[in-house]
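Subject: Structure handover

Hello,

The structure we discussed is below, sequence included. My notes on it follow directly after.

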Amino acid sequence: MDQLISKRLRHRVRILGELLGETMMDHHGEAFLEKVEEIRTMAKARRQRHDEATDQSLQQLLKSLDDDHLVSIARAFNQFLNLANIAEQAESTYQRSAPFPDSYNLDQLFQRLAGDENIPSRQLAETIRHLNCELVLTAHPTEITRRTLIQKYNRIASELDHVNPNETLHPGDRRELERLIAEVWYTDEIRTERPTPQDEAKWGYAVIEHSFWTAVPLIWEGIDQLLQKYTGESLPLDATPITVSSWMGGDRDGNPNVTAAVTDEVIRLARWMAADLYLRDIEELLAQLSMTHCTPDILELCSEDTHEPYRHILRRLRERLNKTREWASTLEPPTPDLILKRADLYEPLHRCYQSLHACGMGIIAEGLLKKTLIRVSTFGVTLVELDIRQSADRHEDVLDALTQYLQIGSYKEWSESARQDFLVEELDTRRPLIPPQWSPDPEVQETLDTFSLIAESNAEGIASYVISMAKNPSDVLAVILLLKKSGLARKLPIVPLFETLEDLENAAWTLERLLRIPWYTNYIEGYQQVMIGYSDSAKDAGQMAAAWAQYRAQEDLVTISEKYDTRLTLFHGRGGTPGRGGGPARSAILSQPPGSVKGSMRVTEQGEMIRFKYGSEELAVANIDLVLSAVIEATLIPPAKPSENWRRTMDSLADVARQSYREIVREDPYFIDYFTQGTPEAELAKLALGSRPARRRDSGDDSKTIDELRAIPWVFAWTQKRLMLPAWLGTDAAFEQHMSGKDLHVLHEMVADWPFFQTHLDMLEMVLSKADVDIAAEYDAVLVDPSLSEFAAQFRTRMSRLIEVVLTLKSQTQLLEQAPEIQQSIELRNPYTDPLQFLQIELLRRSRNESGENEQVDKALLVTIAGIAASMRNTG
């Protein structure tokens, strides 16, 4: 089967490459195509021979090209890599032998659980009924590909169904592929303007429309089918095993472009899209539900005598949805005839569903009507629920300005105990706190406007309020107070986000102090959500130390929540890359601490990973299946607790790793210069990636610090160079101190029996397989000051040694020995990625050596950045 897949994938890649070549030849002529092929051949020979002569020949060839040629050649290799990605994605969902759920992970898991005498069917059914996994599409996508091109790529993917190695491609199908590839080639792949938060939200809503909207009912009905088969019970119609939320337009942490007005617009855009999608279902239901028989309560919903009661109800819903859609595109206040709450749509449809069953027409009820009810349960009438995220210090600024205005002191100068006393006292009173005549500075007013916006709709369409850089109970109480005094009546979940290493280490203590406050425990009613930050902790202390701190924080949070009889949901703020907590979802979930996954989980889905994992219905079904099956398994068959011996070893590894990482990144005076010279970090600012600035703040001079840089461009810059430093620096030093005697024996035990350590090592292996010491050396040789050459060389040496360590620990002779499909994917791309790397080096050299701006060089450079990102399959 693997050989067949490999043959089909290579055949599809070859066909797409041929068609792209024909398009380029039509545009630029045969000489251009020959030049592209010459560069590809030389890059391939360089990788095979490892000789300096081929290296120099390739560099000389690229130096001889004029600026215009560089743009077109960069585009050629970039588009080939995008087409290879399309073929690979199509391969991942290719013609399963049976529809969902047959042969999927959930099907196999149910079979296994049903045969486990330690898991009664009642327990399995109870777990499934209360299951909820929430995918949160983030507000700072690293998606580098333009939305217009994504749509064209999706159409190409659909056409690949006709491309198979043992069949002749029909001339009509070939012509359609030619046309689509020509559309791609003649479209500029680089955004000219940075997207707004509204643009990001529209992109997220498009993913919901084109994949989640159809995938979720399929998943739901498949789970129901499995539940009935193995337990004899059914899934309640209002059950939501999978839900989708968003940060797009709600995440204002460090993003001045996200204002209260922007959030309001984004919420209205979501309501517009939801109404539009439901209208499509209602129109189809109007054609289907022409029956006359119904229960008496259905007639009560009809305002007049009618022979078609279901259609009467549906017409009324259509009228209200149309008004809702019209209202959502204005700034007008809502009116009573709009559909603004889930119940406004769910209840009349559910009564129709019950009536059809009661009248013997269950087969009709189980069709589109049931799918629509599943959608209403999952997506509500707001399409997605939005998280609002803001930094704790912004709330502190508001309260400090307020207390000084009220002449009761400076909130910032108060102790934590004094702050808590003040906050709880104010929360216990009904008196107003925010004077209507108060006119604070614009930044404070903007924060207050956000609280007012949430209160105006009673937080309808808002999932939770996430507090970045949370450190103390007062950070949580402050948000509750500001929401209450702004007029919010309902209890909105307030989610502290623990990001830095220190905050993770103190997370459980912070939660315990919160749960000791009687007012707060009454407020949360036995439920607490906590967010674990992966990106900033890894940038702060290195990947290994961060991963262990995240694991221990989760263990401690579970212990505290159980101590105070509080149900806990952990929200995982993972990025796309292993350096930011990314990686295969299933193994990541199954490697969580025992007891940390109890039928619920929230996890961010970021940037280009949204498209790779959920860009079509088939991809969405496959990846949701992976997530849900892992959460069920982790709930019912949690991993064993690590032994004390493993914990002591991991403590020691993390300590060495953190110290080694910080000695370089934070303490070495040469590091910042090496980072800025040896990577395209500065040039990334020219790329219109997302609405958030690349840096949290700008010092305004040349004394840039790593703290200023966000985790996404930090990882992105090293990925471009193929050094992947954030994912392994420090880990190498830690392992080297434990590679002999008893330590090595314990490490082999951990590799064999501990899912957490297995997953960490697998992610490290994948990163190292994408890294390339020789490519990194070329960047250093051309771009880095000779005085830093010895400093630069140490990283290549350290990474090479680490590869040998990983091979020893995994008892392998080469990387990815146990994952040949990933190895094949990398090998497939290398002949097209390598030229882009050398092009990028040459373009960086030209860009930095020229005094003024060169539009063609800058454009070609951005194309290489996009192409390498496409090859690595992740940016940040």
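E396 is partly exposed, with a relative accessible area of 23%. In this predicted model, the side chain of E396 meets that of R419 in a salt bridge, at 2.9 Å from N to O. R419 lies in helix α17 and E396 in helix α16, so the pair ties together parts that are 23 residues apart in sequence. R419 itself is buried, at 9% relative accessibility.

Helix α16 takes part in another salt bridge, between R394 and E443, with an N to O distance of 3.9 Å. The cut-off for a salt bridge is 4 Å, so the value of 3.9 Å for this pair falls within it. R394 is in helix α16 and E443 in helix α18 (residues 442–456); the two are 49 residues apart, and the pair links distant parts of the chain. R394 is buried, with a relative accessible area of 19%. Buried means under 20%, so R394 at 19% still falls in that class. E443 is partly exposed, at 45% relative accessibility.

What about a pair inside a single helix? E18 and R14 form a salt bridge whose closest N and O atoms are 2.6 Å apart. The two residues are four apart in helix α1 (residues 2–28), which means that about one helical turn separates them. E18 is partly exposed at 33% relative accessibility, and R14 is partly exposed too, at 43%. The structure holds 65 salt bridges, and the pairs described here are among them.

Some salt bridges share partners: R46, R47, D55, D772 and D834 are joined into one network in this way.

D772 of that network has further entries. Its place is in the loop between α34 (755–770) and α35 (773–783). Is D772 buried or exposed? D772 is buried, with a relative accessible area of 7%. Its side chain is joined to that of R47 by a polar contact of 2.6 Å. With neighbours within four places in sequence left aside, D772 is in contact with R47, R722 and M799. D772 and K721 are 51 residues apart in sequence, and their C-alpha atoms are 8.4 Å apart in space.

R46, also of the network, is touched by T54, which in addition touches M42, A45 and R49, residues up to four places away in sequence not being counted. T54 sits in helix α3 (residues 52–64) and is buried, with a relative accessible area of 10%.

E134 is another buried residue, with a relative accessible area of 12%. E134 is found in strand β1 (residues 132–137). Which residues does E134 touch, not counting those up to four places away in sequence? They are T243, S245, A463, M601, R602 and V603.

Now the nonpolar parts. The largest nonpolar core has 183 residues, of which I156, Y520, F671, W714, F735 and F795 touch the most other members. Helix α4 (residues 67–92) gives the most to this core, with 13 residues. A second, separate core has 91 residues, including L124, L135, L289 and A620.

F671, named above for the largest core, can be followed a step further. Leaving aside neighbours within four places in sequence, F671 is in contact with I664, V665, I706, W714, W718, L725, F791 and F795. Two names on that list, W714 and F795, are also among the residues that touch the most other members of the core.

On the outside, Y405, L406 and I408 make a nonpolar surface patch of about 250 Å². I408 lies in the loop between α16 (392–405) and α17 (416–427), the helices that hold E396 and R419. I408 is partly exposed, with a relative accessible area of 43%. Patch residues need over 30% relative accessible area, so I408 at 43% meets that requirement.

Regards

Definitions and conventions
Residues are numbered from 1 along each chain as its sequence is written. This is a predicted model: local features need pLDDT of at least 70, side-chain atom pairs count only at pLDDT 80 or more; totals for chains, interfaces and linings use all residues. Side-chain values use heavy atoms; hydrogens and water are left out. Patches are made of residues with over 30% relative accessible area and no salt bridge: like charges are joined within 9 Å, nonpolar side chains (Val, Leu, Ile, Met, Phe, Trp, Tyr) within 5 Å. Accessible areas come from the Shrake-Rupley method with a 1.4 Å probe; for residues, only the protein chains shown count as cover. Buried means under 20% relative accessible area, exposed over 50%, partly exposed in between (1.4 Å probe, protein chains only). Contact means heavy atoms within 4.5 Å. A polar contact is a pair of N or O atoms within 3.5 Å; within protein, one must be able to donate a hydrogen and the other to accept it, and residues adjacent in sequence count only if both atoms are side-chain atoms. A nonpolar core is a set of buried Ala, Val, Leu, Ile, Met, Phe, Trp, Tyr and Cys residues joined through side-chain atoms within 4.5 Å.
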